Amino acid sequence: MALSLYVDTARWRAHQKSVIDQFPGLVPVCKGNGYGFGHERLADETTRFGADMLAVGTIYEAARIKDWFSGDLLVLTPFRRGEEPVPLPDRVVRSVSSVDGVFALVGARVVIECMSSMKRHGVKEQELGQLHSAIEDVRLEGFALHLPLDRTDGSDAVEEVISWMDRLRAARLPLHTMFVSHLRAEELARLRQQFPQTRFRARIGTRLWLGDHDATEYRGSVLDVTRVTKGDRFGYRQQKAASDGWLVVVAGGTSHGVGLEAPKALHGVMPRAKGVARAGLATVNRNLSPFVWAGKQRWFAEPPHMQVSILFVPADADEPRVGDELVAHLRHTTTQFDRLVDR
């Protein structure tokens with residue numbers, strides 16, 4: 001009995017192909033938990049569709065995935081002088097976001113990150129002049145721009161890239177390759193038309209692996225079902241049942257990521273109102289689970305345990321049976337499955 005990730009493999013791969021066709025030369029991204037699929041599976045998929053480079057989040061991920069993928073590995077977390085040394089093959093390319101970092105990576109293959117409107121990390125415009133001597137002792141693979149997802153000020157992503165291209169050209173730095181993130185296909189086409197001598201490579205993770213929501217589905221197996229009547233005590237905290245129904249033990253707990261949720265940026269009155277309502281219910285121990293039974297998301301009977309969750313299903317719904325599977329609305333990037341099933 002398990003928390004399972006079901007994958008409609010043909011549909012999933014058809015979506016991958018549609019993205020690859022829109023972004024020729026793309027660099028697939030495999031970081032964190034492998035977008036819910038795991039590093040080994042995404043390395044296999046990347047090999048299958050023939051990409052020559054795979055981007056990972058950290059040097060530790062690169063050390064693990066190097067045995068599963070034989071092409072180049074681009075580490076997205078920037079190098080910092082004094083970081084823990086990790087043995088890596090020469091096909092690993094390091095991102096660098098400072099002039100000092102470039103000077104420290106003598107002989108290495110590097111991609112230099114420029115400071116975008118994200119303001120997360122990157123070399124600043126006034127530092128470009130210092131890069132001339134710094135890049136003499138490294139193998140420069142190109143420059144990179146990590147762009148924001150939303151542009152609430154109405155600015156144009158393409159114009160931001162163009163402005164950086166102009167700065168790099170004015171500083172007489174090589175513009176053979178530019179790695180970019182969070183551009184649409186039509187935006188990338190505009191850049192390729194304006195800078196035909198530069199190879200633009202889109203680093204894509206979420207859109208590639210998770211862009212077709214209906215290609216994947218999480219399900220948790222029902223492990224036990226216990227009938228309760230109003231007032232019965234149950235669980236670790238011996239709470240009382242609010243009404244007649246069933247306590248349903250389902251595979252999937254905190255070790256799988258159930259009950260864990262990354263903060264979301266809320267826009268508009270309605271999403272904020274719903275957020276306030278959820279927070280209010282949580283103060284009286286009413287938390288909606290991600291598990292669905294009989295067409296409705298069911299409430300946690302109590303906070304999820306390490307490997308299972310206990311749900312309350314009211315008596316007016318059909319009784320779940322041991323062995324049934326409940327669909328679970330879970331976020332791929334925070335979920336760890338027990339098994340993956342290709343369909």
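Buried means under 20% relative accessible area. That cut-off matters for R219, which has a relative accessible area of 19% and is therefore buried. The views below come from a predicted model.

**View 1. R219 and E217 meet in a salt bridge.** Their side chains come together at 2.8 Å, N to O. R219 is on the buried side of the cut-off, at 19%. E217 counts as partly exposed, at 26% relative accessibility. Elsewhere, salt bridges that share partners join R13, R41, E45, R48 and D342 into one network. A search of the whole structure finds 25 salt bridges.

**View 2. R48 pairs with E45 inside helix α2.** Both residues belong to α2, which covers residues 39–48. They sit 3 residues apart, about one turn of the helix. The closest N and O atoms of this salt bridge are 3.1 Å apart. E45 is buried, with a relative accessible area of 2%. R48 counts as partly exposed, at 41% relative accessibility. Both R48 and E45 belong to the network that also takes in R13, R41 and D342.

**View 3. D214 and R11 link distant parts of the chain.** The two side chains form a salt bridge at 3.7 Å, N to O. The partners are 203 residues apart. R11 lies in helix α1, residues 9–22. D214 lies in the loop between α8 (206–210) and β10 (216–228). D214 counts as exposed, with 56% relative accessibility. R11 counts as partly exposed, with 37%.

**View 4. Helix α7 lines up its buried residues on one face.** This helix spans residues 185–194. Its buried residues are A185, E187, L188 and L191. Seen down the axis of α7, they fall within an arc of 160°, so they line one face of the helix. What covers them includes helices α1, α6 (157–170) and α8. Strands β8 (177–181) and β9 (199–204) are also part of that cover.

**View 5. The second largest pocket holds about 860 Å³ of space**. It is lined by 32 residues. Closest to its centre are H146, L149, S181, H182 and T206. β8, β9 and α8 each supply at least two residues of the lining. The largest share, 3 residues, comes from β9. β8, β9 and α8 also appear among the elements that cover the buried residues of α7.

**View 6. S221 is a buried residue of strand β10.** The strand assignment places S221 in β10. S221 has a relative accessible area of 6%, so it is buried. Leaving out residues up to four places away in sequence, S221 touches M1 and A2. On the same basis, S221 also touches V249, V250 and A251. D324 and E325 complete the list of contacts.

**View 7. An annotated domain covers residues 15–159.** The UniProt record, an unreviewed entry, gives this feature as "domain: Alanine racemase N-terminal". Over these residues the chain is 26% helix and 19% strand. The end C-alpha atoms of the stretch are 29 Å apart.

Note on methods
Residues numbered from 1 in each chain as written. Predicted model: local features only at pLDDT ≥ 70, side-chain atom pairs only at ≥ 80, totals over all residues. Heavy atoms only, no water. UniProt positions renumbered as here; feature names shortened; annotations may be inferred. Helix = DSSP H or I, 4+ residues; strand = E, 2+ residues; numbered from the N terminus. Salt bridge = Lys/Arg side-chain N within 4 Å of Asp/Glu carboxyl O. Buried < 20%, exposed > 50% of the residue type's maximum accessible area, 1.4 Å probe, protein only. Arc of directions from axis to C-beta. Contact = heavy atoms within 4.5 Å. 1 Å grid on protein atoms, 1.4 Å probe; cavity = no way out; pocket = protein on both sides within 12 Å on 5 of 7 lines; lining within 4 Å. Points joined across faces, edges and corners; volume = space filled by probe spheres on them.
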